[in-house]
Amino acid sequence: GRARFPETDPGDPLIFSGPLVPAGHTPPPPDANADGYLDWIQGPNVAPNTPPTLSFLPDDDEAADPDSPGLDPNAGEQSTVFTFTIKYTDADRFADVAGNPPAYVRVYIDDVPYDMTKHPDYATDEDYTDGVVYEYTISGLIEGTPHTYFFIASDGLDQARKPIISSVPNRYDGPVVDEPPG
């Protein structure tokens with residue numbers, strides 16, 4: 001299974017290793033106690049991993065922009081710089097780490113993956129429990145071709161996808177790229 005070993009609070013139930021050599025087995029290991037057992041070893045509490053989530057910024061979510069959320073601008077020319085933006089959040093807290101940092105955050109444009117980077121406003125933000133914004137910019141997209149995109153991120157154990165794979169459609173339309181009449 002997938003598990004992280006988080007920091008535990010005093011009094012939490014603990015996981016112990018069992019006896020390594022049952023009584024009566026010979027020879028007991030040199031460090032066994034009088035009953036032939038090794039002393040127990042306190043293990044960490046084990047918590048399941050919480051998958052990360054992806055969301056859009058409030059001013060560019062599916063309600064504000066149902067066709068092309070997380071994309072600015074939605075249309076332009078081949079020379080236009082398009083910016084894709086997504087918020088990565090991970091609720092896990094362990095060993096003084098506030099959320100699992102992403103193994104990757106990617107936007108797939110026309111099914112081609114592109115690694116996203118932290119938005120400059122979040123460059124030093126290491127608290128992923130309240131979300132960190134990632135972005136990717138691109139220009140030079142082919143005009144007159146319908147473009148689509150979606151986002152995938154991983155915390156190293158689980159993935160998140162926006163929109164989810166079972167959505168219909170399971171990708172967003174855009175950007176629209178047209179050259180001006182000339």
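Ser55 lies in strand E5, which spans residues 53–55. The model is predicted. Ser55 has a relative accessibility of 27%, so this serine counts as partly exposed. Setting aside residues up to four places away in sequence, Ser55 touches Ile86, Lys87 and Lys162. Lys162 is a distant partner in sequence: 107 residues separate it from Ser55. In space, the two C-alpha atoms are 7.5 Å apart.

Lys162 leads to the next stop, Arg161. Strand E16, residues 159–162, holds Arg161. Is Arg161 buried or exposed? Arg161 is buried, and it has no salt bridge. The nearest side chain of opposite charge belongs to Asp111, 6.3 Å away. A salt bridge needs a side-chain nitrogen of Lys or Arg within 4 Å of a carboxyl oxygen, so Asp111 does not supply one.

What does the side chain of Arg161 reach instead? Backbone oxygens. The side chain of Arg161 reaches that of Pro163 at 2.5 Å. A polar atom of the Arg161 side chain also lies 2.8 Å from the backbone oxygen of Asn170. Asn170 appears again among the residues that Arg161 touches, beyond four places in sequence. The others are Leu54, Phe150, Phe151, Ile152 and Arg171.

Asn100 offers another buried polar side chain to inspect. Asn100 sits in the loop between strand E10 (97–98) and strand E11 (104–109). Its relative accessible area is 1%, under the 20% limit, so Asn100 is buried. Here the polar partner is a side chain: Asn100 makes a polar contact with the side chain of Asp92 at 2.9 Å.

How values were computed. Residues numbered from 1 in each chain as written. Predicted model: local features only at pLDDT ≥ 70, side-chain atom pairs only at ≥ 80, totals over all residues. Heavy atoms only, no water. Helix = DSSP H or I, 4+ residues; strand = E, 2+ residues; numbered from the N terminus. Buried < 20%, exposed > 50% of the residue type's maximum accessible area, 1.4 Å probe, protein only. Lys, Arg positive; Asp, Glu negative; His and termini not counted. Polar contact = N/O pair within 3.5 Å; in protein donor to acceptor, adjacent residues only side chain to side chain. Contact = heavy atoms within 4.5 Å.
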